[in-house]
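This report concerns charged side-chain pairs and one packing of two helices. The structure under discussion is shown below.

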Amino acid sequence: MGKPTGFLEYERVEAKATSPLERIKNFNEFHTPLSKEEQQKQGARCMDCGVPFCQSGMTIRGMTSGCPLNNLIPEWNDLVYQGNYEMAYKRLHKTSNFPEFTCRVCPGLCEKACTCSLNGDAVTTKANEMAIIEYAYANGLADAKVPKQRTGKKVAVVGSGPSGLAVADQLNRRGHSVTVYERNDRVGGLLRYGIPNMKLEKHIIDRKISVMEQEGISFVVNANVGDGVKASDLLKKYDAVVLCCGSSKPRDIDATGRKEVKGIYFAVDFLTSTTKCLLNNDMELVDGQYISAKDKDVIIIGGGDTGNDCVGTAIRHGCKSVTQLEMMPKAPDTRAANNPWPQWPLVCKTDYGQEEAIAKFGHDPRIYTTTVKEFRADKNGNLKSVILVSLESKFDKKTGRKMMVPVEGSEREVKCQLCLIAAGFLGSEKYVVDAFKVDVDARTNVASLNATSFATNQQGVFTAGDMHTGQSLVVKAIRGGRDCAKEVDEYLMGYTNI
């Protein structure tokens, strides 16, 4: 520990955010990084605990506590404090392939498990991580490093989200020749099209992809494996195939008028259309090229991160109003007695989109224990309003669980011309599963041979990321990709030194 009393001497200071009413004028990232000197003070706050929960990545009561990548957080926090950013990058890169992504989009499991947060404010670990990786790029430390030897083995990775990129990066470093197939027009999966630009500017992805290409990885876009590209061709051409296609089937809702009324979209389609339009038009929105919320009353079904992203995006479109529906009751503002540190805190957080809605419209956009019962259309079949219904928790004798059920007589009609469904995802794409003849589990995720394996029932075919585990976090997808790469390497070589 470089500064034993650092957490006593320095307060937590975060990167300053542009004011909500100012930042909604564009789709840019809106935090201004701290100076190098101030960031070093923040590094000094790390206590180098005897038991560093921040890097544990363990599961407590079904929730992850600490970093799933087991990042060497106290080590590089101390190195930040010392101003040794080069060594800090080496320690960070040892466990993390893409800190430029996680420092921007990860919910910060490390900070929630920080010992300083037990009786005060956590260390600014995410900001320290960003300082390290941006220093590395600015000073040539993150430049391409081409493998000195090749093994002669060829691997196809299907899907270019965080798990697919992690698999590709690890196997390429090992010396295997890797080709990544992506069905969209650009690389990145949900990093590209599922996360808005204000959370992750797309040039950050392009910067890393360029390095990976220089290191020898090939990327093929507009390649829909299982549809336009035959699975049998990949199995013949490559020594191993890794399926990393994500959990890409959006969960729908069952409400009257869902199939007939126009103006109802899945959140991922809404976000994708905005990002594609921005990328194709020099970061300008062009009418007719995206699903527009301009001048509309928008209702978003889903209270999670994707729902919040839809709130922020709709406001930037110029929506008339925005409402976010959450089926569950509002979480407490502080930890409950049965949710102690270092568990993930089950508390209510107000994210950037909700902050912007409060600033723009004067109130929190969230309505709890509520969902849509019916969609109503105008004479042209376009959505004009929705019937909302309140929900309450009741015990279901059939399932043996508590269920959220409608409250009789609680229906009310609300104006709405655009409804976005952000209710999560349900497993992998059936056509990919069928093309490779791989087994799936009860949730239609691709099944592996056992709980610790990434190998499927088909020889030479592996799987990782959300396609394997179901919808999860970017950082967990990266960890899954890294672990999968070790198993693929052992399959190809008879041993692994990854």
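## The pair Lys 394 and Glu 392

Lys 394 and Glu 392 are joined through their side chains by a salt bridge, with an N to O distance of 3.6 Å. The model in which this pair is found is predicted. Lys 394 has a relative accessibility of 46% and therefore counts as partly exposed. Glu 392, with a relative accessible area of 30%, is partly exposed.

## Salt bridges elsewhere in the model

In total, the structure contains 30 salt bridges. Side chains of opposite charge can pair when their charged atoms come close. One such bridge connects Asp 252 with Arg 258, at 2.8 Å from N to O. Asp 252 is partly exposed, because its relative accessibility is 28%, within the range from 20% to 50% set for that class. Arg 258 has a relative accessible area of 11% and is therefore buried, the cut-off for this class being under 20%.

A further salt bridge is formed by Asp 305 and Lys 349, whose closest N and O atoms lie 3.5 Å apart. This pair links distant parts of the chain, its members being 44 residues apart. Asp 305 belongs to helix H14 (residues 305-317), whereas Lys 349 lies in the loop between strand S11 (321-326) and helix H15 (352-361). Asp 305 is partly exposed at a relative accessible area of 36%, and Lys 349 is also classed as partly exposed, at 44% relative accessibility.

## A network of four residues

Salt bridges also connect residues into a network, whose members are Arg 23, Arg 316, Glu 355 and Glu 356.

## Packing of helices H9 and H18

Helix H9 (residues 162-174) and helix H18 (residues 474-493) have axes that come within 7 Å and cross at roughly 40°. Because this angle falls outside the roughly parallel class, which ends at 35 degrees, and below the roughly perpendicular class, which begins at 65, H9 and H18 are oblique to each other. The crossing of H9 past H18 is right-handed.

On the H9 side, the contact is made by Pro 162, Ser 163, Ala 166, Val 167, Gln 170, Leu 171 and Arg 174. Their counterparts in H18 are Val 474, Ala 477, Ile 478, Gly 481, Arg 482, Cys 484, Ala 485, Val 488, Asp 489 and Met 493. Sorted by class, the contact between H9 and H18 comprises eleven nonpolar, three polar and three charged residues.

Methods. Residues numbered from 1 in each chain as written. Predicted model: local features only at pLDDT ≥ 70, side-chain atom pairs only at ≥ 80, totals over all residues. Heavy atoms only, no water. Buried < 20%, exposed > 50% of the residue type's maximum accessible area, 1.4 Å probe, protein only. Helix = DSSP H or I, 4+ residues; strand = E, 2+ residues; numbered from the N terminus. Axes fitted to C-alpha atoms, helices over the stretch in contact; angles between N-to-C directions. Parallel < 35°, antiparallel > 145°, perpendicular 65-115°, else oblique. Left-handed = near helix turned anticlockwise from the far one by under 90°. Contact = heavy atoms within 4.5 Å. Nonpolar A, V, L, I, M, F, W, Y, C, P; charged D, E, K, R; others polar.
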